[in-house]
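Got a model on the screen and wondering what its labels rest on? Let's take them one at a time.

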Amino acid sequence: MAETYPINIWINEERLEKLQQAGLADMAQEAFAGLKKLPVPTNEQQRDAVLQKFPMAKYDSATTKSIELLPRDAKDRIFDLVVEKKTLDVIDAFLASTI
Amino acid sequence: MTEVNNALSPHGGTLVDRVLGPAEGREKAKQARIKLPLEGSRATEIMSIAHGFFSPVKGFMGHKDVDSVCKDMRLASGYIWGIPIVFDISEGEIKEKGIKEGDTLLFTYQDQPFATLDLEEIFSYDRTLMAEKVYGTTEDKHPGVKRTYAYKDKFLGGDVTIINQPKINPPFDKYWYPPKVLRQKMAETGWERVVAHQTRNVPHTGHEWLMKGAWFASNADAILVSCVVGEKRAGDYIDEAIVLTHDELGKTGYFKEGTHLTSILLWDMRYAGPREAIFHAIVRKNLGCTHHMFGRDHAGVGSYYSPYAAHEIFEQVPDLGIGSVLTLEWWYCPVCGEVTYSGLCGHDKEQQGFSGTVIRSIIQDGVKPPRLIFRPEVFDLVMEAGDKYGFGSPFVTEEYLAKRNPVISVPPMEV
């Protein structure tokens, strides 16, 4: 299986409620010490496209092997796409919606 | 190469103190024929030089020192040194101002007389060679290399003197301890063993345990948190949040009173990995510390250095007179149910690593991290600092870069 580079969306109460309402609460995974995350996978090309569009974001190659520090509004859009489409396969749609 | 005792504390044996009082300062300023306005990071670098943080360096380096530091990681005098301290200037500006060797230059900052340079030497240096030797790469993606390539074509070498002492602005004023002051405070407090923690981050519990582990390992009386205050990039924590949250760990009892002190170091990180580790060790020795903690990726960036390059470098240099506490990571282990030391915890498969980057990402998402990972008092203060100093954000924004309160202010002075 090809390697994936997740974008971790950190789950607060508001996001958890939306996931529960959409029947997607099981998608959230334990991150650490009780904190939950929604890891939205990207492939290598998608990862590079995300990092290019959002230069403040960073691929944490040392610890978590995930894309971090995406602006909050970008993460909100990814999260909303997951809830709307009921799938984690939303990065192409996200990138297409990003100018 | 001259044989010198690198274990002397301060480095080189004498603490540099090149700060004049108002009357002497005015007299010194009168010797200057040419005025040169400074940008902020130059002014703060002069603060660090003149107050002795960089002892035995007394000014901007001349060609012999730069060449020796680049090629041999030593000053021309033989003392170990990691990073060239240089003042670059264009050939055009030299001609335009009529600057020549032997001049005394008056540096102004914030339109006020601030410091002088006794100009000994005007010289050129191969910037590609400098980058390759100091950073181990010539790629301009490396921020230190980028900085080096941006240097203008000439350098000025000579001793600096502060002739008009700036005021350190709140909230940094409480954390400004020049070496002379800090050494006196350590002596008065009875601290004989002090371990330094270098940081440019708001502390999560991984950092807290790094400090506590270093305290145990060095059998220290206290931990000196030395926060690097300098050039910032968008997305970094604002300086105010870093300094105040470290202090908060002491105020809220995560460190017992008398075991923890927060301070600032005015310095633009070069991300030179192992060479910057050497530089950090020397600066903290000058502050009076007996030990320095080095963790994973110390002063590194990207994948230019191996994760523990800063550990390995200390095997290649003579005794620097400051003990190195070399430490692995602390991680969260769900089996142990706590933040624990990776060198002791056997649950490698179950461990849940976290980093400063991840914590920033969580906070940026508007989520409060669990208290085992991030102290709630620290979280509250990060958000408060963002409101008070960061124009609504604890992270550096373009607005913060443009409008932030300066760390130092130079008072008016008539010359």
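A quick definition to start: Ala, Val, Leu, Ile, Met, Phe, Trp, Tyr, Cys and Pro count as nonpolar, Asp, Glu, Lys and Arg as charged, and the others, Gly among them, as polar. Keep in mind that this is a predicted model.

Q: How do you know what classes of residue line the second largest pocket?
A: Sort the lining by those three classes and you get 14 charged, 11 nonpolar and 2 polar residues. Of the residues nearest the centre, B:E39, B:R147 and B:E231 go down as charged because Glu and Arg are in that class. B:S41 is polar and B:Y151 nonpolar by the same list, since Ser is among "the others" and Tyr is named as nonpolar.

Q: How big is that second largest pocket, and how many residues line it?
A: The space in the second largest pocket comes to about 730 Å³, and 27 residues line it.

Q: Which parts of chain B supply the lining of the second largest pocket?
A: At least two residues each come from β1 (34-37), α2 (40-50), β3 (87-89) and α6 (143-149) of chain B. The most come from α6(B), with 4 residues. Looking by domain, domain 1 (22-165) and domain 2 (172-408) of chain B each give the lining at least three residues.

Q: What makes B:R147 and B:D268 a salt bridge?
A: The N to O distance between their side chains is 3.1 Å. The cut-off is 4 Å between a side-chain nitrogen of Lys or Arg and a carboxyl oxygen of Asp or Glu, so this Arg and Asp pair qualifies. Between domain 1 and domain 2 of chain B the count is 3 salt bridges.

Q: What else is there where domain 1 and domain 2 of chain B meet?
A: In the contact, 32 residues of domain 1 face 31 residues of domain 2. Together the two domains bury about 2,800 Å², with 65% coming from carbon and sulfur atoms. Their C-alpha centres lie 28 Å apart.

Q: How much area do chain B and chain A bury between them, and how many residues take part?
A: The two chains bury about 1,900 Å², 62% of it on carbon and sulfur atoms. On the chain B side, B:T357, B:Q364 and B:D365 lose the most area to chain A, together 30% of what that side buries. The contact itself takes 21 residues from chain B and 23 from chain A.

Q: Why is the pair A:K75 and B:D365 called a salt bridge?
A: Lys brings the nitrogen and Asp the carboxyl oxygen, and at 3.2 Å the pair falls within the 4 Å limit, so the name fits. Chain B and chain A have 2 salt bridges between them, and over all chains the structure holds 25.

Q: Where in chain B do B:K71 and B:D67 lie?
A: Both sit in helix α3 (residues 63-72) of chain B, 4 residues apart, which is about one turn of the helix. Their side chains meet in a salt bridge at 3.1 Å, N to O.

Q: What makes a space a cavity rather than a pocket?
A: A 1.4 Å probe fits in a cavity but cannot get out, whereas a pocket is open. The structure holds 2 cavities of 30 Å³ or more. The largest cavity has a volume of about 60 Å³, and its lining, with B:H298 and B:Y305 among them, has 6 nonpolar, 5 polar and 1 charged residues.

Q: Which helix gives the most to the lining of the second largest cavity?
A: That is helix α5 (residues 127-135) of chain B, with 3 residues. The cavity holds about 30 Å³ and is lined by B:P84, B:M130, B:V134, B:Y135, B:T148 and B:Y151. Thr is not on the nonpolar or charged list, so B:T148 is the polar one, and the tally is 5 nonpolar, 1 polar and no charged.

Q: What is the omega of the cis bond from B:S55 to B:P56, and where is B:P56?
A: Omega is near 10°, and B:P56 lies in the loop between α2 and β2 (59-60) of chain B. Most peptide bonds are trans.

Conventions: Residues are numbered from 1 along each chain as its sequence is written. Chains are lettered from A and ligands numbered from 1 in the order in which they are written. This is a predicted model: local features need pLDDT of at least 70, side-chain atom pairs count only at pLDDT 80 or more; totals for chains, interfaces and linings use all residues. Side-chain values use heavy atoms; hydrogens and water are left out. On a 1 Å grid over the protein atoms alone, a cavity is a set of points where a 1.4 Å probe fits but cannot get out, and a pocket is an open set with protein on both sides within 12 Å along at least five of seven lines; lining residues have an atom within 4 Å of a point. Grid points are joined across faces, edges and corners, and a volume is the space filled by probe spheres set on the points. Domain bounds come from an automatic or database domain assignment. Contact means heavy atoms within 4.5 Å. Buried area is the accessible area (1.4 Å probe) that two parts lose on being put together, summed over both.
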